[in-house]
Amino acid sequence: MKFRLRLFDFLIFFIFAAIVFFSFAKVFGSRTAKKTLIVQIKEKKYAYSLEKELHLEFEGLIGKSHITVSDGKAWFEDSPCSNKVCVEAGKISEANQWAACLPNGIIIYIEGQSEKEEVDAVAN
């Protein structure tokens, strides 16, 4: 018995191969998503890339806050508030992390997709 491949057989094989290829690319592809630092002061928002090294200065309600961006992380370097909770909050680097200087009215947070896929408390 001889098998003879026809045009339709090649078409089915090509579609199957394409589905397998794109499935592997989706599952095992690069998970590095661009993340953006958002600095919010009152209703104004400013966006910055986390890929560049930056030293930012913003005028808030009680003075100037200094924000540093380096190595994909952002943090409050200094702020005029008395308790310095924003400075002690540390560095943020993942999507949906935030830090704020509430007395000065400045909030920083990261938008984008996280490289880690973590399960949250609701899913547990």
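**Note on a predicted two-helix, seven-strand chain**

1. Residues 24 or more positions apart account for 36% of those contacts in the protein chain that have a separation of 6 or more. This is a predicted model, and the points below should be read with that in mind.

2. For orientation along the sequence, the protein chain contains 2 helices and 7 strands, and these elements follow one another in the pattern α-β-β-β-β-β-α-β-β. A student tracing the chain therefore meets a helix at the start of that pattern and a pair of strands at its end, as the helices and strands are DSSP runs numbered from the N terminus.

3. Turning to the sheet, 4 strands form an open arrangement in the order E2-E1-E7-E6, with antiparallel pairing. The edges are strand E2, which covers 44-49, and strand E6, which covers 98-101, and each of them pairs on one side only. From one strand to the next, the twist averages 20 degrees.

4. Within this sheet, strand E1 (residues 36-41) is joined to E2 by 6 bridges, and the two strands run antiparallel. As one example that can be looked up in the structure, isoleucine 38 has alanine 47 in E2 as its bridge partner.

5. Is tryptophan 98 buried or exposed? This residue is found in strand E6, and it counts as exposed because its relative accessibility is 59%, where the cut-off for that class is over 50%. Being exposed does not leave tryptophan 98 without partners, for it touches Ile92, Ile108 and Tyr109 when residues up to four places away in sequence are not counted. The C-alpha atoms of tryptophan 98 and valine 39 are separated by 9.9 Å, although the two residues are 59 residues apart along the chain.

6. On the helical side of the description, isoleucine 15 is found in helix H1, which spans residues 7-28. Its relative accessible area is 42%, so isoleucine 15 is classed as partly exposed, a label that applies between the limits of 20% and 50%. Isoleucine 15 also belongs to a nonpolar surface patch of about 630 Å², which it makes together with Phe8, Leu11, Ile12, Phe14 and Ile19.

7. Finally, for the surface as a whole, the protein chain exposes about 9,600 Å², and carbon and sulfur atoms supply 58% of that area. Of the 124 residues of the protein chain, 27% count as buried, a class reserved for residues with under 20% relative accessible area.

Note on methods:
Residues numbered from 1 in each chain as written. Predicted model: local features only at pLDDT ≥ 70, side-chain atom pairs only at ≥ 80, totals over all residues. Heavy atoms only, no water. Pairing = 2+ DSSP bridges. Axes fitted to C-alpha atoms, helices over the stretch in contact; angles between N-to-C directions. Buried < 20%, exposed > 50% of the residue type's maximum accessible area, 1.4 Å probe, protein only. Contact = heavy atoms within 4.5 Å. Patch = residues over 30% accessible without salt bridge, like charges linked within 9 Å, V, L, I, M, F, W, Y side chains within 5 Å. Areas by Shrake-Rupley, 256 points an atom, 1.4 Å probe, with all protein chains shown as cover. Salt bridge = Lys/Arg side-chain N within 4 Å of Asp/Glu carboxyl O.
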